[in-house]
Amino acid sequence: GRSRGNWKAGWREIGGKRNFYRSRWEANCARWLQWLKERGKILDWQHEPQTFWFDGIKRGVRSYKPDFRVMEVDGTSTWREVKG
């Protein structure tokens, strides 16, 4: 099998939310979002809450699941992606 290197995927509890993070970077991003929430910079955050499906695509990737949904203080939402 292929070595997973130093990704350190696993279950972690951050801000009272237990999620499976695919990498240490993803978990650190969740910690940063929780830090922002605790300081009133954002309202809340969710890890992988939604999958977007693209039915018109016939070949290749037909879905996308962003890493984080962030609820901003102005009531809007933004999507955040963590890449290595």
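These legends go with close-up views of a predicted model.

**View 1. His47 and its surroundings in strand β3.** Let's start with H47, which sits in strand β3, a stretch covering residues 42-47. Is H47 buried or exposed? Its relative accessibility is 11%, so H47 counts as buried, since the cut-off for buried is under 20%. Look for E26 next: the side chains of H47 and E26 make a polar contact at 2.8 Å. Leaving aside residues up to four places away in sequence, H47 touches N19, F20, Y21, E26, D67 and F68.

**View 2. The aromatic pair of W11 and F20.** The structure holds 3 aromatic pairs, and one of them joins W11 and F20. How are these two rings arranged? They meet edge-to-face, with 5.7 Å from centre to centre and 70° between the planes. W11 is exposed, with a relative accessible area of 53%, while F20 counts as partly exposed at 33%.

**View 3. The aromatic pair of F52 and W79.** Here the ring centres are 5.2 Å apart and the planes stand at 85°, so this pair is edge-to-face. Which strands does the pair link? F52 belongs to strand β4 and W79 to strand β7 (residues 77-80), so distant parts of the chain, 27 residues apart, are linked. F52 is partly exposed at 27% relative accessible area, and W79 is partly exposed at 34%.

**View 4. A nonpolar patch on the surface.** Which residues make this patch? F54, I57 and Y64 make it, and its area is about 250 Å². You can find F54 in the loop between β4 (52-53) and β5 (63-64). With 38% relative accessibility, F54 counts as partly exposed.

Notes: Residues are numbered from 1 along each chain as its sequence is written. This is a predicted model: local features need pLDDT of at least 70, side-chain atom pairs count only at pLDDT 80 or more; totals for chains, interfaces and linings use all residues. Side-chain values use heavy atoms; hydrogens and water are left out. Helices (H or I, at least four residues) and strands (E, at least two) are DSSP runs, numbered from the N terminus. Buried means under 20% relative accessible area, exposed over 50%, partly exposed in between (1.4 Å probe, protein chains only). A polar contact is a pair of N or O atoms within 3.5 Å; within protein, one must be able to donate a hydrogen and the other to accept it, and residues adjacent in sequence count only if both atoms are side-chain atoms. Contact means heavy atoms within 4.5 Å. Patches are made of residues with over 30% relative accessible area and no salt bridge: like charges are joined within 9 Å, nonpolar side chains (Val, Leu, Ile, Met, Phe, Trp, Tyr) within 5 Å. Accessible areas come from the Shrake-Rupley method with a 1.4 Å probe; for residues, only the protein chains shown count as cover. A salt bridge is a side-chain nitrogen of Lys or Arg within 4 Å of a carboxyl oxygen of Asp or Glu. Rings of Phe, Tyr and Trp (its six-membered ring) pair if their centres lie within 6.5 Å; planes under 30 degrees apart count as stacked, over 60 as edge-to-face and the rest as tilted.
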